[in-house]
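Biologist: Could you walk me through a small fold, one feature at a time? I'd like to learn how to read it.

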Amino acid sequence: MAVNGEPGLLTFGRSGELLGALSIELDDEGGITGLRNQINPDKLRHLGEVGDLGALLRGDA
């Protein structure tokens with residue numbers, strides 16, 4: 001899956017709500033040069049329903 005034009009992945013909660021997005025920056029030879037993880041719900045809302053990562057980690061979700 002592409003995340004911001006880079007290889008990446010989306011993470012989801014138990015009910016299918018989005019919790020985060022990770023993108024992987026690669027150099028010309030395929031080596032990893034950077035990782036970007038986004039868990040700010042305000043920056044993820046355009047991708048769909050966003051879950052509460054804090055509640056999940058506390059066991060509230």
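Modeller: Happy to. Before anything else, keep in mind that this is a predicted model. Let's start with V50: leaving aside neighbours within four places in sequence, V50 is in contact with E17, L18, P41, L44 and R45.

Biologist: Which residues make up the largest nonpolar core?

Modeller: A core like that is a set of buried nonpolar residues joined through side-chain atoms within 4.5 Å. Here the largest one has five members: V3, L18, A21, L44 and V50. Two of the V50 contacts, L18 and L44, turn up in that list.

Biologist: And P41, buried or exposed?

Modeller: In between. P41 has 31% relative accessibility, so it counts as partly exposed. P41 sits in helix α1, residues 41–44. P41 and G51 are 10 residues apart in sequence, with their C-alpha atoms 7.7 Å apart in space.

Biologist: Now the sheet. In what order do the strands run?

Modeller: Read β1-β2-β3-β4, an open sheet of four strands with antiparallel pairing. The edges are β1 (2–3) and β4, each pairing on one side only. Between β2 (residues 6–12) and β3 (residues 18–26) there are five bridges. For one residue's view, take L10, whose bridge partner in β3 is A21.

Biologist: What about S23 in strand β3, buried or exposed?

Modeller: The cut-off for buried is under 20% relative accessible area. S23 comes in at 5%, so it counts as buried. Not counting residues up to four places away in sequence, S23 touches V3, E6, P7, G8, G34, L35 and R36.

Biologist: How many salt bridges are there?

Modeller: The general idea first: side chains of opposite charge can pair when their charged atoms come close. A search of the whole structure finds two. One is E25 with R36, whose closest N and O atoms are 2.7 Å apart. That pair links distant parts of the chain, from E25 in strand β3 to R36 in strand β4, 11 residues apart. E25 is partly exposed at 25% relative accessibility, and R36 is partly exposed at 45%. The side chains of D42 and R45 also meet in a salt bridge, at 3.6 Å from N to O. At 60% relative accessibility, D42 counts as exposed.

Biologist: Last one: which residues form a nonpolar patch on the surface?

Modeller: L26, I32 and L35, with about 310 Å² of accessible area together. L35 lies in strand β4, residues 32–38. Exposed means over 50%, and L35 has 58% relative accessibility, so it counts as exposed.

Conventions: Residues numbered from 1 in each chain as written. Predicted model: local features only at pLDDT ≥ 70, side-chain atom pairs only at ≥ 80, totals over all residues. Heavy atoms only, no water. Patch = residues over 30% accessible without salt bridge, like charges linked within 9 Å, V, L, I, M, F, W, Y side chains within 5 Å. Areas by Shrake-Rupley, 256 points an atom, 1.4 Å probe, with all protein chains shown as cover. Salt bridge = Lys/Arg side-chain N within 4 Å of Asp/Glu carboxyl O. Helix = DSSP H or I, 4+ residues; strand = E, 2+ residues; numbered from the N terminus. Buried < 20%, exposed > 50% of the residue type's maximum accessible area, 1.4 Å probe, protein only. Contact = heavy atoms within 4.5 Å. Pairing = 2+ DSSP bridges.
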